[in-house]
Number of protein chains: 6
Amino acid sequence: MKKPTTKRRKEFHEHRSRMNEKILSCGFKDYQKFFALDNKAYLEGTLPAKMKELMGLVASMVLRCNDCIFYHVDRGIEEGATRGELYEAMNIALIVGGSIVIPHLRYAFECIEELMPDNT
Amino acid sequence: MKKPTTKRRKEFHEHRSRMNEKILSCGFKDYQKFFALDNKAYLEGTLPAKMKELMGLVASMVLRCNDCIFYHVDRGIEEGATRGELYEAMNIALIVGGSIVIPHLRYAFECIEELMPDNT
Amino acid sequence: MKKPTTKRRKEFHEHRSRMNEKILSCGFKDYQKFFALDNKAYLEGTLPAKMKELMGLVASMVLRCNDCIFYHVDRGIEEGATRGELYEAMNIALIVGGSIVIPHLRYAFECIEELMPDNT
Amino acid sequence: MKKPTTKRRKEFHEHRSRMNEKILSCGFKDYQKFFALDNKAYLEGTLPAKMKELMGLVASMVLRCNDCIFYHVDRGIEEGATRGELYEAMNIALIVGGSIVIPHLRYAFECIEELMPDNT
Amino acid sequence: MKKPTTKRRKEFHEHRSRMNEKILSCGFKDYQKFFALDNKAYLEGTLPAKMKELMGLVASMVLRCNDCIFYHVDRGIEEGATRGELYEAMNIALIVGGSIVIPHLRYAFECIEELMPDNT
Amino acid sequence: MKKPTTKRRKEFHEHRSRMNEKILSCGFKDYQKFFALDNKAYLEGTLPAKMKELMGLVASMVLRCNDCIFYHVDRGIEEGATRGELYEAMNIALIVGGSIVIPHLRYAFECIEELMPDNT
């Protein structure tokens, strides 16, 4: 699954990395522990990493966090999620969360468009 | 995957069925359409039904709805979800949603205990 | 619009009154000011009181608060809301808020059933 | 109720239309069904369309979604909502949802200012 | 600050302990790590433990979780919070979170009444 | 506690003041009453103003409102909150609210960086 490094993707990751770096080096150690738990939650386990990323995406959509949506769409695609799988997962989020999720569904489509430009 | 019909499970389903019946027969047709879309979202598709139920469970936990948690734990187990898979999905919900999810994690454990009494 | 005083309705109002009394007499004056603003928001104004109660109901359903749902269904009916009007308002809440609202839609139907027993 | 086509309004509608088009033509049919239900919820019925838009506005404000706020302020004004009616509906949202709604009240005022520039 | 062990308090703690025990002994280690971080967040630090419990109370009220409210009212009182301090913290929650918080304010008053029966 | 007037801070306050002015002068008096209650909730009382601002910050973070976060970080620093105190309060918000709070933690760090540039 080859992915182009788009401008938005690059900017997103740079800002995210720069600020995470500040959080993790501020001297308050429990932030590091929470971030470690957060990373670990999505690692391949009994459930495949791809499914975990899609679960993270559903949670991010019903809680309506665009940064989190970008992150999990990106990671899901890295783990091999197809458009069809993304659509089904996002549909669960739409049904559970309702029309208030629609602006975030639009955003998720923008992310997919950018991260899977060749319509694969 | 044989499951005992516990008292809570029976009461939950009876109340749910009785009230859904009232909603679906009240004469306002769009409730029926929404309920149909809701049911359809979890059917086996590109994603397996089990994974969809776990996604519904994660969404229900971060949005903190016990009725929805019971429903998706029950359905997930029917679709073959193991304790290990439930734990990993619920951990994603806990990490995404934070300690405010803990009372619902306790509730989910009660549900699992009841629906999988033999510790399988 | 004659309404029977059901058991649930009576218990709800007694508990609500007893605890509100404690809050309003605890010596912290700003609670009183907030409660006064809250009451005033639903008074007949440029918008009819009935419509305001239905707006309060929609807000209560998407925020998923059963106590608030009972209160606004009760008050809406007092202001003359019909079943048809309640169904349309609750449908907006269901569409905006998604399937996570369904347990509260079931609850709202229980309230209507109790407060409008004669199916008027 | 004549309305100027402001830049923000035009951009909002163009982006919204472009992305909705992508969602509705992606091949996943249940998105279409949900969008149809969503549109239908606000049509003139037993409740007037104007009141339904104001209910959608209240729901959007307590759930704090600016895109949805813009949409319902715009549609509410199209259906004839006056400033006084908007203020009363938004006040219900403010009281139900609390000070966390204030940034969205500021946004709603920007929308009204833009969509009703002549202070009618 | 002597406190009676009331029935509700006892039942709350017993249920909470029993279920937490199940969660922490289920074999999924990251639950333990999250629970440890959760406990640590409220320990006396640069901020006094009492203030941290009041912060936890405010968060619990705006997120509307009764179990969490009981817990932080109980712990806040153990750390020496007075009625006046509780009222001011709960007022912040009421103002930030709005009238949807009121049922939880009533619940918090029930907790205080039970945990501080002598009106101290 | 001397603070530079940064560009973001200036713009934030100008926009906020301009729109609040419109809200407070629109002729709908109850907005004024709510805003007055809101301001009063954070005044020095039984609880110190600094602690109240930190409570407002925790509430703003778990409810995920960046405008509110900026406001309470700014006011908290004005009332003498140190980095260590901010970190502990923000950690409570992170633990209660979960990883969905992380983008807002990054934002809060940007605010602190801007409002306390000298690392005091």
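The following exercises, with worked solutions, concern a predicted model.

**Exercise 1. The contact between chain B and chain A**

Task: Determine how many residues each chain brings to the contact between chain B and chain A, and how much area is buried there.

Solution:
- Step 1. Count the residues on each side: chain B gives 27 residues and chain A gives 27 residues.
- Step 2. Take the area: about 2400 Å² is buried between chain B and chain A, and carbon and sulfur atoms give 78% of it.
- Step 3. Find the leading contributors on the side of chain B. Met55(B), Glu88(B) and Ile95(B) supply 26% of the area that chain B buries against chain A, more than any other three residues.

**Exercise 2. Polar and charged links between chain B and chain A**

Task: List the salt bridges and polar contacts by number, and describe the side of chain B that touches chain A.

Solution:
- Step 1. The interface of chain B and chain A holds 2 salt bridges. In one of these, the side chains of Lys52(B) and Glu88(A) meet at 3.1 Å, N to O. This distance falls within the 4 Å allowed for a salt bridge.
- Step 2. Across the interface of chain B and chain A there are also 6 residue pairs in polar contact, with both residues at pLDDT 80 or more.
- Step 3. Assign the touching residues of chain B to helices: H2 (29-41), H3 (49-62) and H5 (83-97) of chain B each supply at least two of them.
- Step 4. Sort the side of chain B that touches chain A by class: 17 residues are nonpolar, 6 are polar and 4 are charged.

**Exercise 3. The relation of the two copies**

Task: State which operation lays chain B on chain A.

Solution:
- Step 1. A turn of 180° with a shift of 0.0 Å along the axis lays chain B on chain A, with an RMSD of 0.0 Å.
- Step 2. The two copies are therefore related as by a two-fold rotation axis.
- Step 3. Both copies use the same surface, since 100% of the contact residues of chain B recur in chain A.

**Exercise 4. The contact between chain F and chain C**

Task: Describe the contact between chain F and chain C by residues, area and salt bridges.

Solution:
- Step 1. Chain F brings 5 residues and chain C brings 5 residues.
- Step 2. Between them, chain F and chain C bury about 540 Å², 62% of it on carbon and sulfur atoms. Asp30(F), Leu37(F) and Lys40(F) supply 74% of the area that chain F buries against chain C, more than any other three residues.
- Step 3. Chain F and chain C share 2 salt bridges. One of them joins the side chains of Asp30(F) and Lys40(C) at 2.9 Å, N to O.
- Step 4. The side of chain F that touches chain C has 2 nonpolar, no polar and 3 charged residues.

**Exercise 5. Two glutamates**

Task: Decide whether Glu53(A) is buried or exposed, and place Glu113(E) in its chain.

Solution:
- Step 1. Glu53(A) lies in helix H3 (residues 49-62) of chain A. Glu53(A) has a relative accessible area of 1%, so this residue is buried, the limit being under 20%.
- Step 2. The side chain of Glu53(A) makes a polar contact with the side chain of His72(A) at 2.8 Å. Beyond four places in sequence, Glu53(A) touches Tyr42(A), His72(A), Arg75(A), Gly76(A) and Glu79(A).
- Step 3. Glu113(E) belongs to helix H6 (residues 102-115) of chain E. With a relative accessible area of 30%, Glu113(E) is partly exposed.
- Step 4. Leaving aside neighbours within four places in sequence, Glu113(E) is in contact with Arg18(C) and Lys22(C).

Definitions and conventions:
Residues numbered from 1 in each chain as written. Chains lettered and ligands numbered in written order. Predicted model: local features only at pLDDT ≥ 70, side-chain atom pairs only at ≥ 80, totals over all residues. Heavy atoms only, no water. Helix = DSSP H or I, 4+ residues; strand = E, 2+ residues; numbered from the N terminus. Buried < 20%, exposed > 50% of the residue type's maximum accessible area, 1.4 Å probe, protein only. Contact = heavy atoms within 4.5 Å. Polar contact = N/O pair within 3.5 Å; in protein donor to acceptor, adjacent residues only side chain to side chain. Least-squares fit on C-alpha atoms with pLDDT ≥ 70 in both. Buried area = accessible area lost by both parts, 1.4 Å probe. Nonpolar A, V, L, I, M, F, W, Y, C, P; charged D, E, K, R; others polar.
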